[in-house]
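Welcome to my notebook. These are short entries on what I looked up, in the order I got curious.

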Amino acid sequence: MTTTVWLPPSETAFSCLCEPCLEAARRSGALFSDALQAASVRGTVGRDSALGVVRCAAGHEIVLRRGDRPPALQRRDERQLQLT
Ligand SMILES: [Zn+2]
């Protein structure tokens, strides 16, 4: 399971939740606020890079992509925005 973050063309900063970390924290019974903190990943990416890969504190890959997010992912992204 790889987390994918969609960035608008001019955006250089991102903030997301690492899904494997969130899932692991959930399974371990961690407090929801702790789970969010553990899974939170922030960083920046060059304006000219179309694609980037970063890693969360636990080493999971997070793929950064530019462009419009697929309609199928919109629902999940809205949920993530509410969590952050
Ligand atoms: Zn992770």
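Is β1 largely enclosed by the rest of the structure or left open, and why? I found that four of the five residues of β1 are buried, so β1 is largely enclosed by the rest of the structure. For my own reference, buried means under 20% relative accessible area, exposed over 50% and partly exposed in between, with a 1.4 Å probe and protein chains only.

**Ground rules.** I am reading a predicted model, in which local features need pLDDT of at least 70 and side-chain atom pairs count only at pLDDT 80 or more, while totals for chains, interfaces and linings use all residues. Residues are numbered from 1 along each chain as its sequence is written, and side-chain values use heavy atoms, with hydrogens and water left out.

**Overview.** I looked up the secondary structure and got three helices and five strands. Along the sequence they follow the pattern β-β-α-α-β-β-β-α. Helices (H or I, at least four residues) and strands (E, at least two) are DSSP runs, numbered from the N terminus. The protein has 84 residues, of which 31% count as buried.

**The sheet.** Next I traced an open sheet of three strands, ordered β1-β5-β4, with mixed pairing. Two strands pair if DSSP finds at least two bridges between them. I noted that β1 and β4 (51–55) are the edge strands, each with a single partner, so one side of each has no neighbour in the sheet. I then followed the pairing of β1 with β5: the two run parallel and are joined by five bridges. Threonine 3 has isoleucine 62 of β5 as its bridge partner, and threonine 4 stands opposite valine 63 in β5.

**The core.** Which residues touch the most other members of the largest nonpolar core? I listed Val5, Phe14, Val41, Ile62 and Leu64, out of 17 residues in this core. Two or more residues each come from β1 (3–7), β2 (13–17), α1 (19–28), α2 (32–39) and β5 (61–66). Such a core is a set of buried Ala, Val, Leu, Ile, Met, Phe, Trp, Tyr and Cys residues joined through side-chain atoms within 4.5 Å.

I picked leucine 64 for a closer look; it lies in strand β5 and is buried, with a relative accessible area of 3%. Leaving out residues up to four places away in sequence, leucine 64 touches partners including Val5, Leu7, Phe14 and Val54. Contact here means heavy atoms within 4.5 Å. Leucine 64 and leucine 7 are 57 residues apart in sequence, yet 7.0 Å apart in space, C-alpha to C-alpha. With the same neighbours in sequence left out, phenylalanine 14 touches residues including Val5, Leu7, Val41 and Leu64.

**The zinc site.** What coordinates the zinc ion? I found Cys18 (SG), Cys21 (SG), Cys56 (SG) and His60 (ND1), at 2.0 to 2.3 Å. Cysteine 21 lies in helix α1 and cysteine 56 in the loop between β4 and β5, so this pair ties together parts that are 35 residues apart in sequence. Both of these cysteines, 21 and 56, are buried. Donors are N, O and S atoms within 2.8 Å of the metal (3.2 Å for Na, K and Ca); water is not among the atoms, so sites may look incomplete.
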